[in-house]
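Here is a friendly walk through one protein model and the ligand it holds. Have the viewer open as you read, and follow along from the ligand outwards.

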Amino acid sequence: MIQYLATARERPAWQAVPAEVRQDLDEPVPLDGSDPAAVYRQFKKDVLPYPTGNIHPRFWGWVMGTGTPLAMLADMLASGMNAHVAGYDQAAAVVERQVIRWLIELLGFPSGASGLLVSGASAANLVGLTVARQAKAGFDVRERGLQGTSPALRVYASAETHGWVDKSCQLLGLGTTSLRRIPVDGEYRIDVDALREAIRRDRGNGHRPICVIGNAGTVNTGATDDLAALAGLCRDEDLWFHVDGAFGALAALSPVLRPALAGMELADSLAFDLHKWGYLPYEVGIALVRDETVHRGAFATTSAYLSGARRGIAVDVLFFADLGLQLSRAFRGLKVWMSLKTHGVHAWRQLIEQNVDQARYLAGRIRDHASLELLAPVPLNVVCFRYVEPGLDAAQLDAVNEEVLLRVQESGFAVPSSTTLGGRFAIRVANTNHRSRREDFDGLVEAVLATGRAVTAEHARGRRRA
Ligand SMILES: *Cc1c(COP(=O)(O)O)cnc(C)c1O
């Protein structure tokens, strides 16, 4: 696997799973065992060559992490120990608490805050919103549930907020009607005046606002809301302030990038990933909650078979389990601990700054070229753009760019993804890739230009024939 990672650049950024491989993998349940060497050979032949591709230096689709060799080894150690980190008196729990204290300090949260390592930002955001609901509903939601409650609870987030918020509102019984999607300004940041007005209107209609969600790095364009303004508004309105910083929160490690995140440290809860801009392998994200008592109050349970003991292994038996959904928990903390100790925070900071510099470099190349158009500001590491040519109408530009994107992906050269901005199809590059070099972005520009020319020429020929 070390060799595999070292040679990632030599393979395609992505390739489809061939039909014969799918066929190979379509097997009956193995009732009897077989030779592990043969199973391993099949892994090497049928599985290993067809990954998502996010370990590749030119993979910039969605927001995916690249993973590091050191953390891969840490995961193997953790799996070998097979620690059960619900809590208990064990070194794994001590290490995990240490890691959480480090992250609390790095993100500027108060030292008494609590944290929970989870599968990723979706789970971490759900933790934050669950605590918000219990803290601000005005009654004991855990006891009464939300059946027939009045007034109706309301949650606020910008139109650019990631889809986790819809899922979470659904799972928490709030329903998507409780979610107010607030419009954004020209830089894709929440319109704070519109937010204030929406809260006022909801109160006027007898609803109960409970939580405002701010973004530190939106998935579409990398925009960060005015978090200080949101913190102030939440204080004035007695609302829970939650921040989704899935990738953007870690920009706080950089003194250059930190000012844009001012106010994030005032959040009541904050969710972010370590498997995106922390470069660690899946899955690891974290939920931080300012007030540990409130955090525990939203999840802690009691049961005879899991009661804490005065001494022995079961001291703090549910230390982590009482902060979230999971009882059985993997030892996610080990790869974070080993990575931070081995590489140091400065390596993370330097790579994050490098990714932002590369995004700005790409944006510059796009601005400089008449056949390319930047479709959104580039405040962080996300670049949205398209190929343009005079004489193409809006629908043709969308069709051409979609085809360009698919061909670039299928060529195996690079993997950007797409989004729609102001009704326009955008090729989207999100750079959380520590293996990318500047020339990889030059290569992308050349590939998009060449493919754009080819696709428009084909379209023109097609139109002439028609
Ligand atoms: C990726 C992402 C999420 C979801 O995080 P997962 O780790 O995939 O669960 C939420 N919000 C934003 C802004 C993201 O980029």
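Let us begin with the ligand's surroundings. Sorted by class, the shell around the ligand consists of 5 nonpolar, 5 polar and 3 charged residues. Bear in mind that this is a predicted model. Of the 13 residues in the shell, those that come nearest are S122, D244, D273, H275 and K276.

Which atoms of D273 and K276 lie close to oxygen atoms of the ligand? For D273, an N or O atom in the side chain is 2.7 Å from a ligand oxygen. For K276, a polar side-chain atom lies 2.9 Å from an oxygen atom of the ligand. A121 takes part through its backbone instead: one of its polar backbone atoms is 3.0 Å from a ligand oxygen. As for cover, the ligand has 380 Å² of accessible area on its own, and the protein covers 85% of that.

D244, one of the residues that come nearest to the ligand, leads us to strand β5. This strand spans residues 240–244. Is β5 enclosed or open to the outside? Since 5 of its 5 residues are buried, β5 is largely enclosed by the rest of the structure. Its residues point in two directions: W240, H242 and D244 one way, F241 and V243 the other, all of them buried. Strand β4, residues 208–215, runs parallel to β5 and is joined to it by 5 bridges. Within this pairing, I213 has H242 as its bridge partner in β5.

Following the chain out of β5, we reach S254, placed in the loop between β5 and β6, the latter covering residues 269–273. Although S254 sits in a loop, its relative accessibility is 1%, so it counts as buried. Leaving out residues up to four places away in sequence, S254 touches R349 and E353. With E353 there is also a polar contact, side chain to side chain, at 2.6 Å.

Another loop residue worth a look is G65, found between α3 (36–47) and α4 (69–81). Apart from neighbours within four places in sequence, G65 is in contact with N54, H275, K276, Y282 and T432. Two of these names, H275 and K276, have come up already among the residues that come nearest to the ligand. From G65 to C384 the C-alpha distance is 19 Å, with their positions 319 residues apart in sequence.

R154 belongs to strand β2, residues 153–158. Beyond its neighbours within four places in sequence, R154 has contacts that include T177, S178, R180 and D202, as well as R208 and I210. Its side chain makes a polar contact with the side chain of H207 at 3.5 Å. The C-alpha atoms of R154 and H369 are separated by 46 Å, and the two residues are 215 residues apart along the chain.

Finally, T456 is part of helix α15, residues 438–465. Setting aside residues up to four places away in sequence, T456 touches Y387, E389, L392 and V400.

The table sets out the relative accessibility of the four residues visited one by one.

| Residue | Relative accessibility | Class |
|---|---|---|
| S254 | 1% | buried |
| G65 | 3% | buried |
| T456 | 7% | buried |
| R154 | 10% | buried |

Each of these values falls in the buried class because that class takes in anything under 20% relative accessible area.

Note on methods: Residues are numbered from 1 along each chain as its sequence is written. This is a predicted model: local features need pLDDT of at least 70, side-chain atom pairs count only at pLDDT 80 or more; totals for chains, interfaces and linings use all residues. Side-chain values use heavy atoms; hydrogens and water are left out. Helices (H or I, at least four residues) and strands (E, at least two) are DSSP runs, numbered from the N terminus. Buried means under 20% relative accessible area, exposed over 50%, partly exposed in between (1.4 Å probe, protein chains only). A polar contact is a pair of N or O atoms within 3.5 Å; within protein, one must be able to donate a hydrogen and the other to accept it, and residues adjacent in sequence count only if both atoms are side-chain atoms. Contact means heavy atoms within 4.5 Å. A residue is near a molecule or strand if one of its heavy atoms lies within 4 Å of it. Accessible areas come from the Shrake-Rupley method with a 1.4 Å probe; for residues, only the protein chains shown count as cover. Ala, Val, Leu, Ile, Met, Phe, Trp, Tyr, Cys and Pro count as nonpolar, Asp, Glu, Lys and Arg as charged, and the others, Gly among them, as polar. Two strands pair if DSSP finds at least two bridges between them.
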